[in-house]
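Open the model in a viewer and keep the sequence panel visible. The tour goes from one loop residue to a hairpin, then to the whole chain.

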Amino acid sequence: MDANQAHMLTGILDAMADGIYIVNNDYVVEFMNKAMIQVFGDGVGKKCHEVVNHSAVPCPWCRGPEVFDKRQTVHEEVYVPSVDRTYNLLEIPLQSSDGTVSKLSIYRDISHRKDQEYRLKTSRESFQSLFDHVAVGVYISSKEGKFLDANPALLDMLGYTDKDEFLQLDLARDIYREAKERARFQAMIEKNGRVIDYEVDFRKKDGTPITVLLTAHVRYDPTGRVLGYEGICADQSQRKQMEQELKKAHDFLNNIIQSAPNAIIGTNMQGDIIIWNQGAEETLGYAASQTIGTMNVKNLYPDGMAHQVMRMMRSTDYGGKGKLRSYPMTFKARDKRTVEGNLSATIIYDEDGQEKASVGIFVDLEEQLQMERQLHKTQEQLLQSEKLAAMGRLTSQIAHELNNPLYGIMNTLELMKSEIPVGNKRRKLLDMSLSETVRVTDMLRKMLSFSKPDQEERTPVDINTILDEILLLHEKQLWEHSIKVVHHFADNLGKVKASKNQLRQVFLNLISNARDAMPEGGRLTVATEGDDYFIHITVADNGSGIKHEHLDLIFETFFTTKTDSVKGVGLGLSVCYGFIKDHGGDIKVESRLGEGTTFTISLPVCRQQIDSR
């Protein structure tokens, strides 16, 4: 080979990407191309094993005798530790014209490919390990409805031990509880390319239903045709069982809450209602749909009470922190009425001690409180009757003892008047004494009414007629006190079976009290109204009024608001009260200090008139 040919060959070898060197039969490097020099350095003139493997002895993979002695071409894969690379090594014998043999070695770097192959192998092994050992079922299925592969977890989940048997199953017929679910699954996955957490019922080998959660995607061929599906199946049986048990517990608890006879109300910490049982519906009139998520509990409490209740629950003074035990409370019902009762409430905390909600139990005590008030009223009436009876017995004795001397005094005074001229000063004193004696006898007569009421026979009387007569009789007296009288008498009122004189005494007493309450003048209103069962008589003034704390006392014996002892000793209204009650009626009073007083008397209509209708 001449110099030009050698130079050309060297250029060709340098242009190649593979590392190439030539060694003689003494393993001395005679040539290295640029690719070889770049990796191993320039080693021309050195032993090849010194250049390639930095070793004083031939490389472990060296097959020089086969090349040099047997003239064989050797092709093998070697790993060179010195450069941490794997090569595809091709060694070719070269025989010169003089018969000597050289070795041409071509090192093709396959490290990257080997690394990829290793990674692929590792990945396959990892995937297979995951496929075989993952706790959820993994499968590959065909579009036609056969399993192509399935992991042990899926077989175990569905009760199969023989994989070959499993791969012969028809999905729609043998696996899905309802065959139509297979078609629905295919439609969904082929439309979207995948399904995520699709819940469906499968059937085990023994026919037992099992709920699974499917997550899968479509497998396509290079042309985009659907080959089948692959994915995972998660057993939901335990979750389903827990959900059912939780639902049973929830339903049981909800049944307890709903069946409770008392109102149970739950709210979040903003006061929005989240629990409203049937007891609350019956007590307060709102349906659950009108309160849960739409109403705040503040709308049920009196103004400002909701915040006060929360402050009490957060305090330790009302049953412990977070609790309120049996506290008297009023709620506003749907029909605007006030419902009275007791409230017990508690704050619900989370595991970190943060307030999450509150729940209260309201016990409606309206009937009980009404009964207690009625009992109290009955007790007061009984006490009043006992007072009247005791007073009657006492006054009966006193009146009988005093009447005779008083009448003697009155007769004596009348005789003395006849002996003294009218203009004499002593005559005036006698008139005053006689007037006071008459007042004493009038007081005794009132006292006798307790023990021995007027025995006048009761007959049907016209209330309007009695009132008209009394107003006419006292018209001049009231006019002199600058009191204007206004009356409104209803037409066609029924009659009342009563003692006329006792009713006259009641009306006279009320008019007299009204006159005393308006010393500077005022307005007196007398009115009647009625229905088929009761007649209501109203006597109202715009005088000084009665203090609120005295309203419950004015019908008691000897109680009076008059500071002037000359005007009375507190028997007038007691007598009136006794007369009205004795006639089966009722008397009520409303008053505001400085604005006036209104008495309302209710008397039953004569029964004969009701029956005739």
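Select Asn-33 to begin; in this predicted model, Asn-33 sits in the loop that links strand S2 (29–32) to helix H2 (34–40).

Is Asn-33 buried or exposed? Its relative accessible area is 0%, so Asn-33 counts as buried, the cut-off being under 20%.

Now show the surroundings of Asn-33. Leaving aside residues up to four places away in sequence, Asn-33 touches Leu-13, Asp-14, Met-16, Asp-18, Gly-19 and Ile-20. One of these, Asp-18, also takes part in a polar contact: its backbone oxygen is 2.9 Å from the side chain of Asn-33. Next, pick the backbone nitrogen of Met-36, which is 3.0 Å from a polar atom of the Asn-33 side chain.

Move on to residues 263–268, strand S11, and residues 273–276, strand S12. The two strands run antiparallel and are joined by 3 bridges. Within this pair, select Gly-266 and look across to Ile-275 in S12, which stands opposite.

Follow the chain through the turn. S11 and S12 make a hairpin with 4 residues between them. Which residue in the turn has a positive phi? Select Gly-271, where phi is about 90°.

Finally, zoom out to the whole protein chain, which has 19 helices and 22 strands. It comprises 613 residues, 37% of them buried. With a surface display on, the exposed area is about 36,800 Å², of which carbon and sulfur atoms supply 52%. For a contact map, take contacts between residues at least 6 apart in sequence: 51% of these join residues at least 24 apart.

Terms used:
Residues are numbered from 1 along each chain as its sequence is written. This is a predicted model: local features need pLDDT of at least 70, side-chain atom pairs count only at pLDDT 80 or more; totals for chains, interfaces and linings use all residues. Side-chain values use heavy atoms; hydrogens and water are left out. Two strands pair if DSSP finds at least two bridges between them. Buried means under 20% relative accessible area, exposed over 50%, partly exposed in between (1.4 Å probe, protein chains only). Contact means heavy atoms within 4.5 Å. Accessible areas come from the Shrake-Rupley method with a 1.4 Å probe; for residues, only the protein chains shown count as cover. A polar contact is a pair of N or O atoms within 3.5 Å; within protein, one must be able to donate a hydrogen and the other to accept it, and residues adjacent in sequence count only if both atoms are side-chain atoms.
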